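Biologist: Could you take a close look at one part for me, the surroundings of the ligand? I'd like one connected walk through what is there and how that part sits in the rest of the chain.

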Amino acid sequence: MPDSPSLAEFESEVTAFFDANAERKDEEHDGPFKWGQGKDDLSLFEEVDRDVEREAIVAAQGWRAKRYDAGLGWITGPAQYGGRELSQAHERVYNSVEGRYRVPPTSYFGIGLGMVAPTILAHAQDHVKARYLPKMYRGDVIGAQLFSEPGAGSDLAGLQTRAERDGDEWVINGQKVWTSGAQYADIGEIICRTDPDQPKHKGLTGFVIDMKAPGVEVRPLRQMTGGASFNEVFFTDLRVPDDHRLGDVNAGWSVALTTLLNERASIGAGSGGGMGGIGNAARLIEMLRHFGLDRDPVFRQELAKVYAGFQVAKWNNQRAMDKIKSGQAPGPELSGAKLSLTKNMQAVSAFAAKVLGPRLMADTGEWGTFSWAQFICGVPGMRVAGGTDEVLRKIIGEQVLGLPKEPGIDTTSPFKDLLKN
Ligand SMILES: Cc1cc2nc3c(=O)[nH]c(=O)nc-3n(C[C@H](O)[C@H](O)[C@H](O)COP(=O)(O)OP(=O)(O)OC[C@H]3O[C@@H](n4cnc5c(N)ncnc54)[C@H](O)[C@@H]3O)c2cc1C
C-alpha cells in the first residue's frame, strides 16, 4: 500500500513539483480578463493544422510524462497500474495547485482518460490493463472511442461493424464515423457485432485495438468551422488478439454503457474549462461595457440569467461528481449534467449574438467579436456529441423521473407487430 500523505503534505509535494517544472501564472498574462487583451479564440473544437497539432501533442505528452514520473499521473488510481491510490480530496488539491501554473493544454487525453481508460479498468484482462493503463496515464498512449457508425448513433446497438473469430484472433471489417482524435490516437475502444442472429443489444462485443495496425484507415471530416477534429475510420480485415477483448463475447452492451456513462460525466462535469468554454462571466460583462450596454436593464437581466444557469449546473455537477468520486458508478442523472451544459451554451450563444449583432457575421478584425462565430458554430456539435439533447431527455424521463417508457420499435411499441409484417 503506498504512503498516504496528509492534504497539507500533498499540497507541499505538488507545489514543489510545479515550482520545479512549470511557470507560475502572473498578473500581466493571466490576471483578470481585460477587453482587447490576450488570445481572441473561442473555438470549441480544434481548428489547427496537423503540424501545429503534432507539436501541441508532443508538448502535452511531455507534460503528462513529467507528472507521471513524479508520482502524480493518476492520483486516485490503483498502484498496480501506476496510480497513487489517494483520495478525491488529494486530486482536488492537485487541481487547485495546477490552476496557479501555466501548463500545456491536455485535451488530447480527454477521451482516452475520461472514457477508454475507465472501461479498460472495468472490463479488460489484467495483463491488458497493465499494458495500457500506465502508458495512457503517462501520456504515451492516446485513446479514441470507436462507437458511432453511419447507421448507428443514438441507436448505437444497431451498429454493423463485424468482428469474426479466427482461432485466437478476431477479424474486424466495417466503418465507424465521427471518431474524435482518430488522427493521433494510438489505441481505440471499438464495439463490434459478433453475433448477428442475437437481438441487437446482445450480439455485441468490445475490443481494444491498435489504431496504427494494418487494416485501419483514418479519413478526416471537415467541420463547418474549418478544422477537422473528427474522422471516418475504415476497417479491412483488422486482426485483434482475443485477449484484447473487453468483457465476455456478446456482452459488449454493458462495456459500451460503462464508456457512455463516463462520457456524459466527463463532458458534463468538464464543461470545457468554465462557463462552457468561455472562461468566466468577466468576458460577458466586459463585452456589455465595451458596447455601452452595461446599464441596459434587459441586457443586465439576460446576463444574470446566463450566469445563474452555469452556476446552478456547476453545483449540480459537483454533487453528481462527489457521488462518483466516493466510489459509486456514474448513473443516468449525469445525462442532466450534459444537457444543462448544452442548454447553457445555447443561452450564452443567444446572448452574445444579441449583443454583437452583425459583428458576428463578418470578420472586421475587431477583437472579441467575430471569434464568437467559432463558439456559436461549435455548439450544435456539443448538442449531439455524447448523446443528443433529445436522447438525454428521454433517459432522464425514463430512468431518473420514472416516467413511462417511450414506445420504440424494439421495445414496447404498439406498432411493433405491425412493423414486422
Ligand atoms: C463533436 C462530436 C464528437 C463526436 N465524437 C465521437 C467519437 O469520438 N466517437 C464516436 O463513436 N462518436 C462520436 N460522435 C458521434 C455521436 O456520438 C453521434 O453523433 C450521436 O450519438 C448521434 O448520432 P447520429 O449523429 O447518428 O444522429 P441520429 O442518432 O441519427 O439522430 C438524428 C436526430 O434524431 C434524434 N433522435 C434519435 N433517436 C431519437 C429518439 N429515440 N427520440 C427522440 N429523438 C431521437 C436525435 O436527437 C437527432 O436530433 C461525435 C459527435 C460529435 C457531434
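Modeller: Before the details, a word on terms: helices and strands here are DSSP runs, numbered from the N terminus, with at least four residues for a helix and at least two for a strand. Keep in mind, too, that this is a predicted model.

Okay, the ligand. There are 18 residues around the ligand, and Phe 147, Gly 153, Ser 154, Ala 385 and Thr 388 come nearest. As for the elements, strand 3 (143-146), helix 11 (371-384) and helix 12 (389-400) each put at least two residues into the shell. Helix 12 has the largest share, with three. By type, the shell splits into eight nonpolar, eight polar and two charged residues.

Now zoom out a bit. The chain is divided into domain 1 (143-255) and domain 2 (271-400), and each of them gives at least three residues to the ligand shell. Their centres, taken over C-alpha atoms, are 31 Å apart. Where the domains touch, four residues of domain 1 are in contact with six of domain 2. On that side of domain 1 you get one nonpolar residue, three polar and no charged.

The ligand isn't what I'd stop at, though. The largest nonpolar core counts 78 residues, and Ile 191, Phe 207, Val 208 and Ile 209 have the most contacts inside it. Helix 10 (residues 334-356) gives the most to this core, seven residues. Both domain 1 and domain 2 contribute residues to this core, so it lies between them. Take Ile 209: leaving out residues up to four places away in sequence, Ile 209 touches Ile 187, Gly 188, Ile 190, Leu 238, Val 240 and His 244.

Conventions: Residues numbered from 1 in each chain as written. Predicted model: local features only at pLDDT ≥ 70, side-chain atom pairs only at ≥ 80, totals over all residues. Near = placed C-beta within 6 Å. Nonpolar A, V, L, I, M, F, W, Y, C, P; charged D, E, K, R; others polar. Domains from an automatic or database assignment. Contact = placed C-beta atoms within 7 Å. Core = buried A, V, L, I, M, F, W, Y, C linked by C-beta atoms within 7 Å. Buried ≥ 20, exposed ≤ 12 C-beta atoms within 10 Å, placed from the backbone.
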